[in-house]
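Me: I should like to look closely at one part of the structure shown below. Please explain how that part is put together, step by step.

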Amino acid sequence: MFGESITLIPLIITFIISIYFFILLISINRKQKGSFPKSLIAAPAILVIGMLISIIKPDISIVAITLTVAIFFFIPYFRSIKNDNKEKSQGIDVLSTPDMPDPQEEAAKAEKAFFESNLSLLTAGKDYVVHAGQAFSEENGFSRLLDFINTSLIRETKADGGAILLIDDFDDVISVKSFSGDFPPPYKLPEDLPHKVVRVETSFRFAQFALNENVFGAVATSGKAELITEPASDPRIYQNEPEDFLKCGSYILVPMALNDNVIGVVALARRYGSPLFTDKELRNAQVLTDYACASIQNVYSFQEIKEHSEMTREAEISGKIQQTLVPKQLPQIPGISLGAFTNASEGVCGDYYDVLPSRKDRVSFLMSDVAGKGMNSLIIMIMIRAILRLIVNTTQSAATILSWANRGISVENNIDHFASLALINFDTTTNKIQFATAGSTPILYYNAQTDEISKISTSADPIGVEKMTEYTDNEMEVHSGDIIALYTDGIIEAVNANGNQYTSEKLIETIRSNNKLSSKEIASLVKADIKDFTGTTRQHDDQTLLIIKVL
């Protein structure tokens, strides 16, 4: 039994292979609309039938007969292949005639010809991408990329010279960023510029033009490529004659666009007397400019990602440091109830508050809103904190302390810095407060006897603006149940999905209507109320609140 089963293995394999070829040949024959000889399809069919019979009833004679018949049906096909090869060797095309060319063959030839004619453009486009990748890490990599693109455009269009000009949106000008070769200037040269080759080239290399000043700006504004072969009749071209090197020849000007936004112009020139540019060279320049724009877009995108990554990393580091500056918990002060919260909009928070029990008869409360974000605002925050923590221990008044802090911050000229700040000195022995403000940080006062709340602070120069600014002291007595609130603009300027602000009126009403609660409870209610008001709307300013209630 085992021997018989072993014998069946090659028969089964042959049977499976025959089925595969039979199905394959039928499929190919359908696609080629019955071009295969019937004998070629019959051969595997006979093998399938013969092998199936041999498997059911093993008999070597059946196998031999099956193979003989299959080979018989293959012979006509082998002869036709031999004859075809013989005729082809004699120059006879058996598949097609001059009158009836093969459409597939003609399409393949046309595709090959197109590819070969555009191979240099495709290669140039690939090289742009490679150089764009190198620009990510090299110093002055972007300038080198522009120089490479400019040189490639000059070579592929057989120009005598070329330039790449980019638009500065802020100044509304277009500036030369890359220049090479001979480029007769199509614009009016400055009156005092000597007509010398080196001087003219140097002037153009660093030139900057208003967008409405010459042909470069005109192409950038219109967003349409230009082939100029008759410069003398083009009003946008200025002829700086009589020197031969200044005579205008022909020009190709192609706008550079990223996401339908023109960022610059590719300018190619041929000298006077050289063959004029053709439409084909204009098309080549347009194709290469598209490749160039794609490469430049990659560089811009990488730079944005890199800058965002650096800013995010800086914000993370700054945020961790800033967290150490905010009080971990509010101190327990006899006769006073305290509550506070702070929400950073993004990255490091520009808000800072502090509670400093400096002496037995004085507790200092500080609220500061530092302009900007990131490392600069953190540095100012640290400086303000260090100066105030040092001098609040003295007997100086709130206004004097702010004046000293302002002088310390104003001497730092190497960073952009200023901050709004409110300082309250609370005398716990007399229940009197002394306060001074710099900038616009507000102080609200709730009078428990009259059930009224009002703003008691006044505006003054922010810290860091003017070194000699002198601030003013204000004093008043407070009583049991009175509430003092310090907050930053982010509280009242918090916006909802409709763009409506939370407003100072809403803050005042929340404090007044909950005046019987503790400071911590009032702060929590304000925080929850702002959250309900804004929902998921992203906020663009920090929110900080400090509530002081006299017990």
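Reply: A salt bridge is counted where a side-chain nitrogen of Lys or Arg lies within 4 Å of a carboxyl oxygen of Asp or Glu. The model is predicted, and by this rule it holds 13 salt bridges. One of them joins D160 to R271, with 3.7 Å between the closest N and O atoms. What does this pair tie together? D160 belongs to the loop between α6 (141-157) and β1 (161-168), whereas R271 belongs to the loop between β6 (261-270) and α9 (279-323). The salt bridge therefore links parts that are 111 residues apart in sequence.

Both β1 and β6 are members of an open sheet, and that sheet is the part to examine. The sheet has 6 strands, arranged in the order β3-β2-β1-β6-β5-β4 with antiparallel pairing. In this order β1 stands beside β6. At the edges are β3 (208-210) and β4 (226-228); each has a single partner strand, so one side of each is left without a neighbour in the sheet. On average, neighbouring strands are turned by 20° against each other, direction ignored.

How are the strands of a sheet held to one another? In general, strands pair through backbone hydrogen bonds, either parallel or antiparallel. The edge strand β4 offers an example: 3 bridges join β4 to β5 (residues 250-258), and the two strands run antiparallel. Within this pairing, L227 has I252 of β5 as its bridge partner.

Helices accompany the strands. The helix α6, which comes before the loop that holds D160, lies across β1, β2 (173-181) and β6, and runs at about 135° to β1. Helix α7 (residues 197-205) lies across β1, β2 and β3, at about 135° to β2. Strands β1 and β2 are thus crossed by α6 and also by α7.

For comparison, the model contains a further open sheet, with 5 strands in the order β8-β9-β10-β11-β14 and antiparallel pairing. Its edge strands are β8 (351-359) and β14 (474-477), each of which pairs on one side only. Neighbouring strands there are turned by 15° against each other on average, direction ignored. Strands β9 (residues 362-370) and β10 (residues 419-427) pair in the antiparallel sense over 8 bridges, and L366 stands opposite L423 in β10. Helix α11 (residues 398-410) packs on this sheet and touches β9, β10 and β11 (432-438), its direction making about 30° with that of β11.

Conventions: Residues numbered from 1 in each chain as written. Predicted model: local features only at pLDDT ≥ 70, side-chain atom pairs only at ≥ 80, totals over all residues. Heavy atoms only, no water. Pairing = 2+ DSSP bridges. Helix = DSSP H or I, 4+ residues; strand = E, 2+ residues; numbered from the N terminus. Axes fitted to C-alpha atoms, helices over the stretch in contact; angles between N-to-C directions. Contact = heavy atoms within 4.5 Å.
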